[in-house]
Amino acid sequence: MKIKRAVFPGSFDPLTNGHLDIIKRSIPVFDEVIVAVLNNPDKKPMFTVEERCSMISLVLKQIETEDCKLSVDSFSGLTVDFARKVKATAIVRGIRAISDYEYELRMALMNRKLAPEIETVFLMAAVEFSYISSNLVKQIFSLGGSIDSLVPPLIETKMKEKLLNP
Ligand code: PNS
C-alpha cells in the first residue's frame, strides 16, 4: 500500500496552538507527517533548531496516535529537497486567513515548479487560532502578556525557562 507521507515545514520559533491545530488536522489525511524545522542562519531565533526539535518532539508525544506517525526533523536549504530526501509526496501548510493565501500560493506554485511530483496541501486552521503567529507570541511574551491560550503549556514553560536562562 502507498504510504502518504507529508512534511510540514516551518520556522516553529516557537510552535503555537495554530501549528498544533494543523498537525492534528493532518492526522486523518496522511499516514505519516514529518514536522520539518528550517535551519535558517539568516534569522536570530529565540530557540535553536535543536531546542525547537526537542520541544516539538515532546508535544508530538502528547498527541501520539495509531492513525498517523508523527515525527520531527530539521533541514537546511529547499523544502522540496528535504521532502524528496524523506520521500514525502506532500507539503502541508496552514492557512489562517485570506492574507496568508497570496504568499502561500506563490510558495506552493514555486515548489511545484521545482518539484512537480510534490503536492502542497493547505489545511485551514480553526478560527480561534487565526490571529496567532510565532512572532506575535514572542512579542506578547517579551512584554509580559499572557500566552497561555496561544501555545501548548510545554512551550510556555520552555519560554519562561529561556527568559530566566537565555
Ligand atoms: O514558518 P514559516 O517561516 O512561515 O515557514 C516558511 C518556510 C520554512 C516553509 C519557507 O520559508 C521555506 O520553505 N523555506 C525553505 C527554503 C525554500 O524552500 N524556499 C523556496 C520556497 S518557494
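Two short exercises with worked solutions follow.

This is a predicted model, where local features need pLDDT of at least 70, side-chain atom pairs count only at pLDDT 80 or more, and totals for chains, interfaces and linings use all residues. Residues are numbered from 1 along each chain as its sequence is written, and side-chain values use heavy atoms, with hydrogens and water left out.

**Exercise 1.** Work out how strand 4 and strand 5 are joined.

Step 1. Find the elements: strand 4 is residues 90–95 and strand 5 is residues 119–124. Helices (H or I, at least four residues) and strands (E, at least two) are DSSP runs, numbered from the N terminus.

Step 2. Check the pairing. The two strands run parallel, joined by six bridges; a pair requires at least two bridges found by DSSP. Valine 121 in strand 5 stands opposite valine 92.

Step 3. Add helix 4, residues 98–114. With strand 4 and strand 5, helix 4 makes a right-handed β-α-β unit. Right-handed means that, with the strands pointing away from the viewer, the path from the first strand over the helix to the second runs clockwise.

**Exercise 2.** Find what surrounds the ligand.

Step 1. List neighbours (a heavy atom within 4 Å). Among them are Gly10, Leu38, Gly77, Met107 and Asn111. Helix 4 gives the most to this shell, three residues.

Step 2. Look for polar contacts (N or O atom pairs within 3.5 Å). Oxygen atoms of the ligand lie 2.7 Å from a polar side-chain atom of serine 11, 2.6 Å from a side-chain N or O of threonine 79 and 3.0 Å from one of arginine 93.

Key. Polar contact = N/O pair within 3.5 Å; in protein donor to acceptor, adjacent residues only side chain to side chain.
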